[in-house]
Amino acid sequence: MLAQDGSAQPPRPEDTTSPASPSTSPASPAIPAEDSKDGKHEDVSPTTTGGQGTTKEINIVETHPRFHAPGLDHVTLVKKRRKWSYLPGIRLEHNLHWACGLLETANSGDFAANVWNDVPVPVFVIVLMAIGGTIAAVISVFALLDGIKAWHNVKFLQKQRQLLQTQRSQQLEESHPTEELDVLIDITRRELYTEKINRWGMDVMMGGGAVLISIGTFMAIGGANKKVFLASNILSGYLGNAPIAIFGLVNCAWGIYMCSIKRAHQHAAIKKLPDSVALSVVRTYCFRVRFFFIVNGISTFIGGVGSMLTATQWWAYIILVPVMIASFFTNYWWRSRVGYDRPVLNFPVGMDKRGLIEALEFANETSRLAQQDLEAAMTQLAHDPTSLEAVLRGFVDNGLFEPFSVELIKNKEIQKILCGEKGKRAEIEVQNLVGLPEYHQQIVLDMAKKFLEAEGPALFEHRTRFLAEALGTYLAMTGDDKPKEEGASVTETEKSGPC
């Protein structure tokens, strides 16, 4: 008889039968074998076959792996001014600034300059020009700051795509299937172009347009000078509004494409998923994404056309009023309903229908528990919520360790241990935290519970959105209509010698 490690073992008493009654002995109960390292579980049912030996049937039941895309367990933090943050580019960040929803308002800051385009300029018009130009200038600063954050995301996604394409090439060289990597590459491609067009492009084109409009509006105050008057009309007219029109056209085209993609994801989910939590989440997320791109695409297109008309037609500003409202609304909708953050996807396990469904429902349930029952959420996240190592491993597995590290360093005692009172850089690692004295371990554990209560619902909601995106993409790109079988039955015949 062979043990699980392959070494020879003597037959157990229950594996042999008396030669006097080989066929009449009662069936022996199944003997569960110990779990192996790969997660397989064997139900061993011994039977007898005369004097030739013992034949046993082993039902191998393999626990299906849940989709697993962990975050980092080692984070480098730096202090800029009074604020700690991790290095940019280590994950996709969901950090769109709310002020970017006012960019359409900023681009209407030339209202007074274009409507009262007269010389000499009335005093009340000068006041309106100063207000409009200042608003456009201030909001363009927020666009610049958000554009820097968006560029960090773009660089992260470019590296992510390169990593996945390298892995795909290796799989092809080894004649392995690339279906899972194709799904991840497709997700990353959409994330990349959405970040490039819908966010970074908006910051650059509309923010740049706001700068030109601001300059032109301030110049209009000195419109008595003919050269200044001409330059003002150019900057606050066609030149200042041209980037906005170009962005509106490109963004609308991308929105049409994204709507068609999410429609395909929704149809695939309805066709291939049973009536379940996963189906409900995917359908809801597809609707939210489509709604965003429909409203955002139409409003930016109309805004682009309207902005070009405002150079000569005062009534075009009436068209821009609903565009301003839609701009602020879609900014809020993206931040609260659509956008998400995620760690690096480095060949995650469980990248199939069942694995994604289980991960999606786990994240959705944990988000709910973190709001309603903290202890239940801690137990769901870590098998032993009183163990700091188990809790931190749960944070790593679900991509929470990076944001938790930023919260952790705010504690003066922990900060003093990790980098000193005046340190500007800290290395936070799971193993180092587990190695702290018991008193400090308890501080970290208490902070982890408070963090999960305060930030857990939102972070797991982001993870749920990403997993809904991943599951919808997987179902639309593959023919995996059925979950894989939970186990297989094999028959092993072993010679136990003559009875």
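Which helix gives the most to the lining of the largest cavity? In this predicted model, that helix is H4, which contributes nine residues. The setting of this contribution is worth a closer look, and the enclosed spaces make a convenient starting point.

Three cavities of 30 Å³ or more are found in the structure. The largest of them holds about 520 Å³ of space, and 37 residues line it. Nearest to the centre of this cavity lie Thr194, Glu195, Asn198, Phe292 and Trp334. Besides H4 (179–221), the helices H3 (123–173), H6 (238–272), H7 (277–309) and H8 (316–338) each provide at least two lining residues. Sorted by class, the lining of the largest cavity comprises 17 nonpolar, 13 polar and seven charged residues.

Attention now turns to the open spaces. The largest pocket contains about 1300 Å³ of space, with a lining of 29 residues. Lys83, Ser85, Glu93, Asn95 and Lys149 are the lining residues that lie nearest the centre of the pocket. Two or more residues of this lining come from each of strand E5 (83–86), H3, helix H12 (401–408) and helix H15 (438–477). The largest share belongs to H15, which supplies six residues. As for the character of the pocket, its lining has twelve nonpolar, five polar and twelve charged residues. Helix H3 thus appears in the linings of both the largest cavity and the largest pocket.

Helix H6, already met at the largest cavity, also packs against a neighbour in sequence. Its axis and that of helix H5 (residues 226–235) come within 4 Å and cross at roughly 10°. Because angles under 35 degrees count as roughly parallel, H5 and H6 are described as roughly parallel to each other. On the H5 side, the contact is made by Asn233, Ile234 and Leu235; on the H6 side, Tyr238, Leu239 and Gly240 take part. Of the residues in this contact, four are nonpolar, two are polar and none is charged.

Charged side chains come into play elsewhere, as the structure holds 17 salt bridges. One of these joins the side chains of Arg91 and Asp341, with a distance of 3.8 Å from N to O. Arg91 is located in the loop between E5 and helix H1 (103–106), whereas Asp341 sits in the loop between H8 and helix H9 (353–372), so this pair ties together parts of the chain that are 250 residues apart in sequence. The loop that carries Arg91 follows E5, a strand that contributes to the lining of the largest pocket, while the loop that carries Asp341 follows H8, a helix that contributes to the lining of the largest cavity.

Definitions and conventions
Residues are numbered from 1 along each chain as its sequence is written. This is a predicted model: local features need pLDDT of at least 70, side-chain atom pairs count only at pLDDT 80 or more; totals for chains, interfaces and linings use all residues. Side-chain values use heavy atoms; hydrogens and water are left out. On a 1 Å grid over the protein atoms alone, a cavity is a set of points where a 1.4 Å probe fits but cannot get out, and a pocket is an open set with protein on both sides within 12 Å along at least five of seven lines; lining residues have an atom within 4 Å of a point. Grid points are joined across faces, edges and corners, and a volume is the space filled by probe spheres set on the points. Ala, Val, Leu, Ile, Met, Phe, Trp, Tyr, Cys and Pro count as nonpolar, Asp, Glu, Lys and Arg as charged, and the others, Gly among them, as polar. Axes are lines fitted to C-alpha atoms, for helices over the stretch in contact, and angles run from 0 to 180 degrees between N-to-C directions. Angles under 35 degrees count as roughly parallel, over 145 as roughly antiparallel, 65 to 115 as roughly perpendicular and the rest as oblique. Contact means heavy atoms within 4.5 Å. A salt bridge is a side-chain nitrogen of Lys or Arg within 4 Å of a carboxyl oxygen of Asp or Glu.
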